[in-house]
Amino acid sequence: MCVAFAGLVRKASLMLLVTMMFLVVAVEHGAAQGTVPPFPSQSGPENTLGDQSDSDIWRAIRQGGGGLPGSSEVTDGVLINADGVWWSQLRRPAGPLVRFGSIGIATVLAAIMVFFVARGRLRIDGGRSGRRVARFSLAQRVVHWVMAVVFLLLGFTGLLLLFGRAFLIPIVGKTAFSIIATASMQAHNLFGPIFIVSLVALFITFLRGNSPSFSDLKWVVRGGGMFGGHVSSGRYNAGEKAWFWTATIAGIALSVSGLVLSFPDVLGTHDLLHRAELLHAIAALVFVGFGIGHIYLGTIGTEGAIDGMISGDVDENWARTHHDLWLDDMKATKGGAADGRD
Amino acid sequence: MGVIELLEGSLWTLSVCIFVVFGLWRIFVILTAGRSPTQARPVGSPRGGAVRAIFGHFLPRRAFLGQGRVWFVTIAGYAFHIGLFALLFFAAPHVAFLRDHILGFDWPALPRWGFIIAAQFAFTGLLALWVRRFVDPVVRLISRPDDHIAAGLTFLVMLTGCMALGEQSVTLRGIHLGFVEAWLIYFPFSSLMHTFTWPLSRGFTGALAGRRGTRM
């Protein structure tokens, strides 16, 4: 009984001591912060805030209000930079960027599936002839596939970083996602410069034939023949040209914004970094969206299309079906030799 | 015993043993294989031919200097091999690993920017050469599954290594180490052995040519 009572007294004393310590720390903390202590102090000055409340002051600070810096080293005079609030709202897992970005990618995938179900594979008119026509050089094929691998790596890791918090954390948990995100970030940063070099090489090797022409207009008006009928086209059709220029412009945007994000201390201010990240995300979504369409049309979507990018040549009937003007031009200028490589 | 302990302990020892024992065995077999005696009178110097072939083949033959694809292979080959060498022996985590687990001493490591540049060269070179195996009709014909497995494993080793560059996760280090061990085990039985056998093959064919009085 006595022992139990002694234990109770010890516990009560301990609680009293902890409570007193907590109050002392709270008072000193409040004093250090320059705010009103939790209970009136006899020794401190009263009504130091005048007709302002704590809420008014913190609201002003929160909204980026200016003030007089206490330190001569502070040049900005702003305690909290509120310029990033819009970015924080935009970038949060349930924010517009993730929401509209995921809807955009899902729409592209759904459109491709609907098109495949409705239209099926685009066949070669008259079937394969067995005669081959040279279309892409070795340099073009190597550059294309290096870019393809880099695109897949960057696209996959980039989408993990953009959508991971919203879609992966609920599935794999925060610990596993932190590992995935760390790995993705390292790989993404590493392959970025290779993307820039590949983009330049891709632009140089594929520029010829990608200038707009009058036949592109007819191709667009008739939907590229995707819903039936034959539409004439040169070396590249309007859809391929659109992909080329979209990839170039989005690629430049990705490269510039990626460099800013990779060297934040050298190249970026706080505000510039937010805008660079937004531009990076939008350009990446455009690139990935078009890229998915390109992958579909270049593989299962169009019979015989992938041949040109693997062996360098295509079936003559494939060329006549999709690029008849190029085939005629090539035969005329090269004296009938079926070699359309650059 | 956890997976990480296994990867850093028994599996690491086993893979290094396989790499060393079977690698040495393969070189021993090559060196002792001999060749059938040649009855013809030697016209030139086999030794000179071997030396010329070993060192002369670091650059493309003069007759092919005008061909773009020769320069492509040469530049991509050097980019990959020099980049990989720099990563393997001068990446800071590798220098520390070799010091702590194998050698007991170290040497100056690459700074981070040096690592990044070496990795860019290595990845670009490897990707370009590997892609060429698929799209060049001649190289596609002479490529075996072993070549693709070797290239793929090397790519995965490099990729997982770069993913673990932050050194924040034991899991990422374990994944990298797992691929390194698979690479070490595969190494002696594959075309990866050209790392050690290239002077032998160049020297052998160079010596044959030298004996006949021709140049390779």
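**Why do we call it that?**

Q: Why is B:Asp136 called buried?
A: Its relative accessible area is 4%. Buried means under 20% relative accessible area, exposed means over 50%, and partly exposed is anything in between (1.4 Å probe, protein chains only). At 4%, B:Asp136 therefore counts as buried.

A quick word on the ground rules: this is a predicted model, where local features need pLDDT of at least 70 and side-chain atom pairs count only at pLDDT 80 or more, while totals for chains, interfaces and linings use all residues. Residues are numbered from 1 along each chain as its sequence is written, chains are lettered from A and ligands numbered from 1 in the order written, and side-chain values use heavy atoms, leaving out hydrogens and water.

Q: What makes B:Arg69 and B:Asp136 a salt bridge?
A: The N to O distance between their side chains is 3.7 Å. The rule asks for a side-chain nitrogen of Lys or Arg within 4 Å of a carboxyl oxygen of Asp or Glu, so this pair passes. The partners come from distant parts of the chain: B:Arg69 sits in helix H4 of chain B and B:Asp136 in the loop between H6 and H7, 67 residues apart.

Q: Why does B:Arg69 get the label partly exposed?
A: Its relative accessible area is 46%, which lands in the in-between range, so partly exposed it is.

Q: How do you know that A:Glu316 and A:Lys331 meet in a salt bridge?
A: Check the gap: 3.0 Å from N to O, so the pair makes the cut. This pair also links distant parts of its chain, with A:Glu316 in helix H13 (residues 316-322) of chain A and A:Lys331 in helix H14 (residues 324-333) of chain A, 15 residues apart. A:Glu316 is buried because its relative accessible area is 7%, whereas A:Lys331, at 28%, counts as partly exposed.

Q: How many salt bridges does the structure hold over all chains?
A: There are 19. Some join up: A:Arg123, A:Arg128, A:Arg132, A:Glu303, A:Asp307 and A:Asp313 are linked in a network.

Q: Why is A:Asp216 called buried?
A: It has 11% relative accessibility, so it counts as buried. A:Asp216 lies in helix H8 (residues 214-221) of chain A.

Q: What makes A:Asp216 and A:Lys241 a polar contact?
A: Their side chains come to 2.9 Å. A polar contact is a pair of N or O atoms within 3.5 Å; within protein, one must be able to donate a hydrogen and the other to accept it, and residues adjacent in sequence count only if both atoms are side-chain atoms. So 2.9 Å fits the distance limit.

Q: Why does A:Arg208 count as exposed?
A: Because its relative accessibility is 57%. You'll find A:Arg208 in the loop between H7 and H8 of chain A.

Q: How do you know that the length of helix H9 of chain B agrees with what it should span?
A: The expected span is 1.5 Å times one less than the number of residues. For the 17 residues of H9 (170-186) that gives 24 Å, and the end C-alpha atoms are 24 Å apart, so the two agree.

Q: What makes up the secondary structure of chain B?
A: Ten helices and zero strands. Both are DSSP runs numbered from the N terminus: helices are H or I with at least four residues, strands are E with at least two.

Q: Which residues of the largest nonpolar core touch the most other members?
A: Among the 66 residues, they include A:Phe191, A:Phe195, B:Phe123 and B:Leu159. Apart from it lies another core, of twelve residues, including B:Leu177 and B:Trp183. A nonpolar core is a set of buried Ala, Val, Leu, Ile, Met, Phe, Trp, Tyr and Cys residues joined through side-chain atoms within 4.5 Å.

Q: What do chain B and chain A bury between them?
A: About 1900 Å², 78% of it on carbon and sulfur atoms. B:Gln120, B:Val135 and B:Met163 supply 28% of the area that chain B buries against chain A, more than any other three residues. Buried area is the accessible area (1.4 Å probe) that two parts lose on being put together, summed over both.

Q: How many salt bridges does the rule find across the interface of chain B and chain A?
A: Zero. The rule does find two residue pairs in polar contact there, both at pLDDT 80 or more.
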